[in-house]
Amino acid sequence: MKQKLTITVDAELIPVAKRHARSRGVSLSSLIEQSLREITREDGPTFSSRWRGKFRAAEREDDPRYNALARKYLR
């Protein structure tokens, strides 16, 4: 289902964007929808999920700052 959306853009951008859409043979609405689909597409895992569980705590028994940070972030 299509739904109307009101956006605000710089006045100088509108004719340029319309020409760009027309040169591609699509409406400005279609061009904007396609662009939004591309930037919101989730192709793969997120950065944090790719690295989750990859780091291990180093052996530093005599460093209290390291131990405090390891307790906070690695466990």
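Helices here are DSSP runs of H or I with at least four residues, numbered from the N terminus. With that in hand, let's work through a few exercises on this predicted model.

**Exercise 1. Find the helix that holds Leu 28, and decide whether Leu 28 is buried, partly exposed or exposed.**

Step 1. Leu 28 sits in helix α2, and α2 covers residues 28–40.

Step 2. Buried means under 20% relative accessible area and exposed means over 50%, with partly exposed in between.

Step 3. The relative accessibility of Leu 28 is 25%, so Leu 28 counts as partly exposed.

Step 4. For a sense of placement, take Asp 10 as a partner: Leu 28 and Asp 10 are separated by 18 residues in sequence, and their C-alpha atoms lie 15 Å apart.

**Exercise 2. Check whether the end-to-end distance of helix α1 agrees with its expected span.**

Step 1. Helix α1 runs over residues 13–24, which makes 12 residues.

Step 2. The expected span is 1.5 Å times one less than the number of residues, so α1 should span 16 Å.

Step 3. The end C-alpha atoms of α1 are 17 Å apart, which agrees.

Step 4. Now look just past the helix: Gly 25 follows α1 and has a positive phi, near 75 degrees.

**Exercise 3. Describe the largest pocket and what lines it.**

Step 1. Start with the volume, which is about 550 Å³ for the largest pocket.

Step 2. Its lining is made of 18 residues, and those closest to the centre are Ile 7, Leu 28, Ser 29, Ile 32 and Glu 33. Our friend Leu 28 from the opening exercise is thus back, as a member of this central group.

Step 3. Sort the lining by element: α1 and α2 each give two or more residues, and α2 has the largest share, with seven.

Step 4. Sort the lining by class: 11 residues are nonpolar, four are polar and three are charged.

**Exercise 4. Compare the overall dimensions of the chain with those of a compact globule.**

Step 1. Begin with the fold pattern: the chain has four helices and zero strands, reading α-α-α-α along the sequence.

Step 2. A compact globule of 75 residues would have a radius of gyration near 11 Å, but this chain has 24 Å.

Step 3. Along the principal axes, the C-alpha atoms fill a box of roughly 65 × 25 × 25 Å.

Step 4. Turn to the surface: 7% of the 75 residues count as buried. The chain exposes about 7,600 Å², and carbon and sulfur atoms supply 54% of that area.

Conventions:
Residues are numbered from 1 along each chain as its sequence is written. This is a predicted model: local features need pLDDT of at least 70, side-chain atom pairs count only at pLDDT 80 or more; totals for chains, interfaces and linings use all residues. Side-chain values use heavy atoms; hydrogens and water are left out. On a 1 Å grid over the protein atoms alone, a cavity is a set of points where a 1.4 Å probe fits but cannot get out, and a pocket is an open set with protein on both sides within 12 Å along at least five of seven lines; lining residues have an atom within 4 Å of a point. Grid points are joined across faces, edges and corners, and a volume is the space filled by probe spheres set on the points. Ala, Val, Leu, Ile, Met, Phe, Trp, Tyr, Cys and Pro count as nonpolar, Asp, Glu, Lys and Arg as charged, and the others, Gly among them, as polar. The radius of gyration is taken over C-alpha atoms; the globule rule is 2.2 Å times the number of residues to the power 0.38. Buried means under 20% relative accessible area, exposed over 50%, partly exposed in between (1.4 Å probe, protein chains only). Accessible areas come from the Shrake-Rupley method with a 1.4 Å probe; for residues, only the protein chains shown count as cover.
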